[in-house]
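Biologist: I am new to this structure and would like a close look at a single part of it. Please choose one part, follow it outwards into its surroundings, and explain each term as you go.

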Amino acid sequence: MDIDDLLLYDETLFKNIDAFNPDYIPDNFMYRKSQMEALAISIRPALRSGRPVNGVILGSCATGKTTAIKKIFEMVERTSDKVVCVYINCQIHTTRFGIFSQIYQKIFGHTPPETGVPFSRIYQNIMQHLSNEGKALIVALDDINYLFYSKNANKIFYDILRAHESFEGVRTGVFAILSDIEFRFMLDKNVNSIFIPQEIIFNPYSKEEIKDILKERARIGFYSEVISDELLDEITEYTVSNGDLRVGIDLLRISGNLAEADASKTIERKHIQEALKNTGSINLMYTLKSLSDDERTLLDLIRTSDVDLTAGELYSQFSKKTKSSYASFNRILNKLEFLRIIDTRFTGKGVKGNSRIIILRFDTEEIQKCMSRL
Ligand SMILES: Nc1ncnc2c1ncn2[C@@H]1O[C@H](COP(=O)(O)OP(=O)(O)OP(=O)(O)O)[C@@H](O)[C@H]1O
């Protein structure tokens with residue numbers, strides 16, 4: 001097809017292309033009944049003038065944690081106007097002000113002004129409103145490990161969970177969502193005893209479950225018979241080996257697009273093979289998306305260097321590009337290590353043997369591929 005035809009061609013394989021969006025909430029949320037029940041049990045007291053039970057929601061990536069929270073919040077809000085449910089993505093909102101702005105927005109329908117209003121006023125408005133209206137507050141903090149990095153977690157938990165000490169009758173709860181079991185102990189380390197949560201585990205899907213979920217997604221997203229069962233099996237295999245359901249959903253979407261561009265009425269193996277070339281690690285892409293410009297600049301320097309640099313060498317390159325202080329360079333380096341994009345190893349050389357060597361944990365091409373898709 002030439003470009004004009006490509007743009008004008010109005011046949012589509014997609015019945016509902018939104019079904020492949022990252023934030024699509026499936027009506028049919030399969031294999032998560034017991035987790036949804038556990039969430040409902042934790043929230044139930046809040047619907048009956050009690051306090052919600054705090055929870056920590058644990059499970060590796062793309063096991064449906066976010067979907068479960070969003071679904072249960074939707075259900076709660078449909079059932080009662082006495083519970084305010086706020087979902088917060090901590091990759092985006094990392095400060096106390098940022099997080100309480102989200103809560104404020106949910107309650108009052110608009111965010112507080114960014115300047116001129118002290119945090120205490122915003123906090124007071126929120127809690128006073130809840131107290132006056134007799135409403136409970138449940139806050140889900142997704143990817144809460146990002147708050148450990150900025151060391152804000154404890155304060156935020158404290159603000160939310162001890163509100164009842166200053167505001168009569170206020171009932172609050174927190175769901176902390178974690179996608180890496182390693183962060184579980186860090187939660188205890190970062191948040192003291194005010195948070196005693198019940199654990200809700202989202203175990204990985206089996207191969208059969210992945211196949212069923214992908215099949216259902218294809219059924220919603222494509223017209224019938226666009227993709228064969230055999231090719232779904234292949235996408236399932238790849239998804240299982242990659243360990244991330246999102247990769248499978250993305251593969252469906254990309255191969256559908258490629259088939260469409262080919263004016264084909266069905267997805268063929270060649271479209272999947274082509275799509276595979278375009279999918280980097282989705283997880284890595286999400287992590288890279290959350291980086292600031294300076295953080296990406298530093299990562300780029302690491303990625304494009306032919307040799308493993310020491311921290312000192314890296315800083316001298318970085319400071320030329322960004323004029324950053326050593327302290328902020330160091331913070332960024334620690335963050336990249338914390339996000340497990342890089343490793344740093346002491347070489348035993350340098351001042352007091354403190355010289356570190358920086359090692360990229362991913363293939364440079366993989367990073368490049370993900371960066372180009374941001
Ligand atoms: N049981 C399921 N049924 C249908 N779709 C699902 C199911 N579980 C996950 N998904 C889909 O997989 C994708 C990832 O799910 P979700 O964002 O809820 O996972 P997560 O555990 O929060 O991931 P992360 O920890 O990486 O944020 C979404 O597109 C979601 O619709």
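Modeller: A good place to begin is helix α10, whose buried residues pack against α11 (229–242) and α12 (245–261). Here a residue is buried if 20 or more other C-beta atoms lie within 10 Å of its own, exposed if 12 or fewer, and partly exposed in between, with C-beta atoms placed from the backbone; packing rests on contacts, in which two such C-beta atoms lie within 7 Å. Helices (H or I, at least four residues) and strands (E, at least two) are DSSP runs, numbered from the N terminus. Please keep in mind that this is a predicted model, in which local features need pLDDT of at least 70 and side-chain atom pairs count only at pLDDT 80 or more, while totals for chains, interfaces and linings use all residues. Residues are numbered from 1 along each chain as its sequence is written.

Helix α10 runs over residues 207–221, and its 15 residues reach 21 Å from the first C-alpha to the last, close to the 21 Å expected (1.5 Å times one less than the number of residues). Its buried residues are Ile210, Lys211, Ile213, Leu214, Arg217, Ala218 and Gly221. They lie on the same side of α10, because they cover an arc of only 165° around the axis, the arc being that of the directions from the helix axis to the C-beta atoms.

Of the two partners, α12 deserves a longer look: it has 17 residues and reaches 25 Å from its first C-alpha to its last, close to the 24 Å expected. This helix is mostly covered, with 12 of its 17 residues buried, including Leu245, Val247, Ile249, Leu252, Asn257 and Glu260. Just after α12, Ala263 takes a positive phi of about 60°.

α12 also leads to the ligand, around which there are 19 residues, with Cys61, Gly64, Thr66, Thr67 and Ser179 coming nearest; a residue belongs there if its C-beta atom lies within 6 Å of the molecule. Both α3 (65–79) and α12 give two or more residues to this shell. The shell divides into 10 nonpolar, 6 polar and 3 charged residues, where Ala, Val, Leu, Ile, Met, Phe, Trp, Tyr, Cys and Pro count as nonpolar, Asp, Glu, Lys and Arg as charged, and the others, Gly among them, as polar.

To place α10 in the wider interior, consider the nonpolar cores, which are sets of buried Ala, Val, Leu, Ile, Met, Phe, Trp, Tyr and Cys residues joined through C-beta atoms within 7 Å. In the largest, of 49 residues, Val139, Leu141, Ile144, Ala176 and Ile177 touch the most other members, and strand β3 (residues 136–142) gives the most, with 6 residues. Apart from this core lies another, of 22 residues, and Ile210 and Ile213 are among its members, as are Phe222 and Ile235; Ile210 and Ile213 are also among the buried residues of α10.

In the largest core, Ile177 has contacts that include Ile57, Ile69, Leu141 and Asp143, leaving aside its neighbours within four places in sequence. Asp143 is found in the loop between β3 and α6 (145–149), and its phi is near 50°, a positive value in a residue other than glycine. It counts as buried because it has 22 C-beta neighbours inside 10 Å.

As a frame for these details, the protein chain has 18 helices and 7 strands, and buried residues make up 34% of its 374 residues.
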